[in-house]
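Biologist: Can you walk me through this one? I'd like to start with how strands are paired.

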Amino acid sequence: MVDVVVPPVRISVGSRLAVRLRRFGEVAREVLRNPATVVGLFVIVAMIGMALLAPVLTEANTPDPYQMPRDWGALNEPPGTPGFPLGTTSHGGDVLYGVIWGSRTSLRLSLIVVGATVTIGLIIGSLAGFLGGKVDEILMRVVDVFLSIPELIFALAIAAVLGPSFRNIILALAVVFWVKYARLIRGQIIHVKGNDYVDAARVIGDSRFSIYRRDVLPNSITPIIVQATLDMGHIVLVGATLSFIGLSEAGLAEWGVLVSDGQAGISAGRWWASTFPGAMVFLWALAFNLVGDGLRDVLDPRTEKR
Amino acid sequence: MTPSAKPSPSPERKPLLVASVEDLAVHFQTKSGIVHAVDGVSFQIRDEETLGLVGETGCGKSVTARSFLRLIATPPGIFAGGRILFWSREARDHGNKPIDLLTLPLARLREIRGNRIAMIFQDPGKSLNPAMPIREQVAEVFYQHRSAELLAGLNGKVPATIRRHARQQTTVAERLLMRVPPLRSYGRKLRTRVDDMVGDALAETQIPNPRKIMASYPHELSGGMKQRVMIAQALACNPDLLIADEPTTALDVTVQARILELIRDLQQRRRTSVLYISHDLSLVKRICDRVAVMYAGRIAEVGTSGSVFEEHLHPYTRGLLAAIPARAHTRGELAAIEGTVPELVEPPPSCRFHTRCRYAVELCSREDPPLRGHAGTSHPVACFGYESANEWHAGPDGMPDLEAPTR
């Protein structure tokens, strides 16, 4: 008999980052299995690429690139006109320029609004959900007041009071949309708080803040990610609506403004000035919806297949 | 009354106590009134023993157990009275007075939680944070209670940031700082030290390949493995008291046996006292030194495992034991205790069991029977039936395993 000495195998413990990345990879693979999501992702990447490359794709207007350039010698040119592949508006604005720089405006709008609303909602919702009691009661009544007004009308009223400008549209949307996140995160936190692992964390002596940060928040965040993705599309749609009814400044390279400018010409057969920017709003909202739904399928525990 | 407060010089000292629950009352405010979930419960946990707390669902055994670490949400919970005294081994060695867990400031209670008193829960699948790798979850105990030990391997003067990191109190900026040279090597050593301590803690539970388990997420482990992780976490700091709230109920029978063996083994090696909550009588009989039977928020009787299971003084205990189907019992009706548990909303003074008790007399519906060592019994029981030694006998009733007390 020969004694076989097996050397101890030391499997390295991946760094925290590596473990996280592995987890992220699992989710990513799952998400990419859904063809609709892949299409949505592709469109989003293309749109964001377009926004980032706007100064390369077109010559930026001076002094303000977000203002439509005007060529008073080329009014209402149809698509295909040399120099104006998508035609021009009744004010001589290049529709292609509007479409490209409009993606920048939309990206800015959605990122600022989603960023601000998620942050505010997260703070308010966390306070209400985690602390509970009176804090919860007071904060949620405030939220109820906000929710009792239809969001579009509310945003419209705020933007109208503040005066027509794109900045005020951003402000109005932020004021209207945070309540949704506050509600969502509050419900999620109350649900997660009841889990045994939160008690288990208390049992080993964790502080309240540490329990919130390590146990409650990470397990509450996925619906927020899904909602934020969906809202990236939704907010551009609402923003375009507000622009369309004239609450942003005239001549802005923004899809809603362009659709509004072009609508008068539709009956005269000049379809292009409204159609292209309108299609962009549609594509933008659709793409984020597809990706948001795909994420929900993977992240939402209710649809979990594991 | 308490042994450490009055150290008696007599050779036959009372057994050393780890915890003493005295007249504990925990109520809950509900819409239909105040529910007396635990109503005047007293028992003691002795050093190095396993005390079983048995009773049916809703009898208050979990509430009692959770009161030790004040895990009851208040409101709606109300600690309506009594105290839970706790002697840590250290305190006892220094002859210090016990501490009352119910009035201890939260900051000091947190030092006890997970360190001197640990707890494992019923469902290991729900007791682990699904969003965090196992390593982090076990390491948390060390961060909370053993930061000095974590730093022990680092020689020389340890920077304040690293010392704070060993307690997980660093800010995001500090953690970023730890990625660049002066602090990075300290950070790495700390990581290795944490890995080693977590690895050792897991290895003690005979979990296969602890290093690999450490990097896993809870959903990648089986129920038995998860419970081993929970046990590793609970016993990592060598607690004086382990509260096990039905730790094997959610596991299948084969795994159950192994987990029980593990708890027993670790307990004996570390001389930990265990409060074992269960509704499984046969299991309690097997593993517990002493047993307390609870019914509707009160203790029915307390005694050594042998005496409770053989003498089963309280009619409720008898009913419970009679309801265990015997192996020979093949088909047909299973024995059950008639009636249902009474509502615990503001109960009137009476024996809680009198509505279901076949021996109840008029007195039982009028007064609370106190828990005491009645004449002729070897362990305390809360029943008027023992007021005068042995008044009643079991009549010709249907209960299969009913013996009249024969003393």
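Modeller: First the term: two strands count as paired if DSSP finds at least two bridges between them. This is a predicted model. In chain B, strand S6 and strand S7 (residues 241-245) run parallel and are joined by four bridges.

Biologist: Which residue of S7(B) stands opposite B:Ile120?

Modeller: B:Ala244 stands opposite B:Ile120.

Biologist: And the faces of S6(B), which residues cover them?

Modeller: B:Ile117 and B:Met119 lie on one side, B:Ala118 and B:Ile120 on the other, and all four are buried.

Biologist: What about chain B overall, how many helices and strands?

Modeller: Chain B has 15 helices and ten strands. Of its 407 residues, 43% are buried. Among contacts between residues at least 6 apart in sequence, 65% join residues at least 24 apart.

Biologist: Switching to the contact with chain A. How many residues does each chain put in?

Modeller: Chain B puts in 33 residues and chain A 23 residues. On the chain B side, the elements that supply at least two residues each are helix H3 (106-112), strand S6 (117-120), helix H4 (124-127), helix H5 (134-145) and helix H10 (210-214).

Biologist: Which gives the most?

Modeller: H5(B), with five residues. By class, that side of chain B has 14 nonpolar, nine polar and ten charged residues.

Biologist: Now the largest nonpolar core. Which residues have the most contacts inside it?

Modeller: A:Leu173, B:Val138 and B:Leu275, in a core of 177 residues. Helix H7 (residues 166-193) of chain A makes up the largest share of this core, 16 residues.

Biologist: What is B:Leu275 in contact with?

Modeller: Leaving aside neighbours within four places in sequence, B:Leu275 is in contact with B:Ile45, B:Leu51, B:Leu53, B:Ala65, B:Leu241 and B:Ile243.

Biologist: Different topic: which residue other than glycine has a positive phi near 55°?

Modeller: B:Asn209. Another is B:Gln206, with a positive phi of about 60°. Most residues other than glycine have a negative phi. B:Gln206 is in the loop between helix H9 (181-204) and H10 of chain B, and B:Asn209 is in the loop between H9 and H10 as well.

Biologist: Is B:Asn209 buried or exposed?

Modeller: Exposed, because 12 other C-beta atoms lie within 10 Å and the cut-off for exposed is 12 or fewer. B:Gln206 has 13, so B:Gln206 is partly exposed.

Biologist: Last one: what comes just after H6(A)?

Modeller: A:Gly163, with a positive phi of about 100°.

Note on methods: Residues numbered from 1 in each chain as written. Chains lettered and ligands numbered in written order. Predicted model: local features only at pLDDT ≥ 70, side-chain atom pairs only at ≥ 80, totals over all residues. Buried ≥ 20, exposed ≤ 12 C-beta atoms within 10 Å, placed from the backbone. Contact = placed C-beta atoms within 7 Å. Nonpolar A, V, L, I, M, F, W, Y, C, P; charged D, E, K, R; others polar. Core = buried A, V, L, I, M, F, W, Y, C linked by C-beta atoms within 7 Å.
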